[in-house]
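Student: Hi, could you walk me through this model? I'd like to start with one residue and then move out to the fold.

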Amino acid sequence: MKILYISSAQSLGGGERHLGDLSNGMAQRGHEVFVALRPASPLINELKNLRKENLTTLPLRNALDAKSARDLSKLVTGKGIQIVHAHMARDYPLAAYATRKNPHARLIVTRHVLFSLNPLHRITLGRAARVIAVSQAVASLLAKSNIAAPKKITVVHNGVDTARFALARDGFDRSSFLRDWEMPEDSLLVGTVGELTPLKGQAEFLKAASQVAQRYPNAYFIIAGTDNSSDRTNGSALEDLILRLKLKERVRSVPWLEDIAQLYCGLDVFVSASHTESFGLAIAEAMACSTAVIATATGGVTELVQPGETGLMVPVGDVGELAEAMLDLLGNKEKRVRLGEAAQRAIGSKFTISRMLDNTERIYREELASTPAE
């Protein structure tokens with residue numbers, strides 16, 4: 001198949017890493033994959049299996065970028081693209097235009113988040129052959145909001161590169177890791193990964209950490225993530241909070257790490273304190289590393305974590321419950337190991353990249369086998 005992926009993303013979050021995995025995986029399976037991105041997109045460096053001539057950069061400024069829409073349409077025509085797959089709401093109209101001008105091409109869109117779409121997207125999604133939701137929670141929201149016909153909506157959970165994380169686990173050297181991070185040999189590490197934004201709950205994570213630090217003098221806390229706000233106020237607010245909570249010596253704040261698997265393996269407990277999570281790719285990756293996880297009970301996470309079996313779950317925004325869960329796991333290594341091992345098995349059986357590729361590929365083939373769009 002000839003597949004075109006479109007993304008105007010300017011930062012590298014879970015949805016963007018999903019697109020990278022999808023592009024690389026489909027190319028590896030022998031499909032001819034094309035990708036349209038913004039010129040400075042961080043995704044460019046993630047497309048390891050893509051031929052350079054199959055990467056196109058366009059402004060992709062917004063949903064009304066007529067020139068980018070026309071250029072996409074020409075690309076679809078010139079390359080004989082069969083599948084046009086868009087991943088961000090502002091890209092849906094551009095992708096819809098490209099397929100409207102090329103009736104042989106089928107429009108697929110993926111919805112990665114739990115935010116409501118504008119009713120105007122009904123027009124755009126009316127052109128879509130299929131709407132992929134990354135969790136049942138996202139699918140339910142789409143159906144409830146009447147944005148897309150229920151028969152068009154299909155759930156395909158994000159996938160995790162389990163082989164990559166297995167290699168990281170097998171080769172992990174904790175003593176070396178602690179030396180690199182300048183932490184004592186007996187440290188207990190609790191960490192969180194994600195864009196620095198109030199919705200990811202880093203403030204609640206720090207407030208819970210301040211309670212844990214009083215009980216465990218050897219506990220250290222890691223926040224990994226970039227601040228993509230225009231004036232970098234999110235990161236500044238967290239630094240101020242760290243000072244107010246007197247955690248400066250106990251917290252390490254770092255940008256997004258190239259080898260995130262090493263961090264997951266180094267943590268005794270991984271925490272997601274998100275206010276909203278459509279799936280939770282970072283949670284799934286930590287689970288793939290056999291790391292015990294604590295997550296807030298947001299929509300998609302309830303499909304990923306089985307409370308008490310593959311992780312612990314706490315109410316959104318409840319700092320006290322989060323602190324208690326952290327204390328529980330830090331004080332019980334046997335429980336951490338049990339939860340981590342069960343989590344790793346769950347990811348390996350239900351949330352692999354291979355399964356994600358299989359399900360997405362099946363959707364493409366079904367739509368190409370159906371009556372072409374008029």
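**One residue, then the sheet**

Tutor: Happy to. Val76 has 0% relative accessibility and therefore counts as buried, since the cut-off for that is under 20%. Keep in mind that this is a predicted model.

Student: Which helix does Val76 lie in?

Tutor: Val76 is part of helix 2, which covers residues 66-79.

Student: And what is Val76 in contact with, leaving aside neighbours within four places in sequence?

Tutor: With those set aside, Val76 touches Leu4, Ile81, Val84, Ala98, Asn102, His104 and Ala105.

Student: How many Å separate the C-alpha atoms of Val76 and Leu114?

Tutor: Their C-alpha atoms are 30 Å apart, with the two positions 38 residues apart along the chain.

Student: Switching to the sheet: what order do the strands take?

Tutor: The order is 3-2-1-4-5-6-7, an open sheet of seven strands with parallel pairing. Strand 3 (55-57) and strand 7 (153-155) are the edges, each pairing on one side only. On average, neighbouring strands are turned by 20° against each other, ignoring direction.

Student: How many bridges link strand 6 and strand 7?

Tutor: Three bridges, in the parallel sense, with strand 6 spanning residues 130-133. Thr154 in strand 7 is the bridge partner of Ile132.

Student: Which strands does helix 5 touch?

Tutor: Helix 5 (residues 136-144) packs on the sheet against strand 5 (106-111), strand 6 and strand 7, and its direction makes about 165° with that of strand 7.

Student: And where does helix 1 lie?

Tutor: Helix 1 (residues 14-28) lies across strand 1 (2-7), strand 2 (32-37) and strand 4 (83-86), running at about 165° to strand 1.

Definitions and conventions:
Residues numbered from 1 in each chain as written. Predicted model: local features only at pLDDT ≥ 70, side-chain atom pairs only at ≥ 80, totals over all residues. Heavy atoms only, no water. Pairing = 2+ DSSP bridges. Helix = DSSP H or I, 4+ residues; strand = E, 2+ residues; numbered from the N terminus. Axes fitted to C-alpha atoms, helices over the stretch in contact; angles between N-to-C directions. Contact = heavy atoms within 4.5 Å. Buried < 20%, exposed > 50% of the residue type's maximum accessible area, 1.4 Å probe, protein only.
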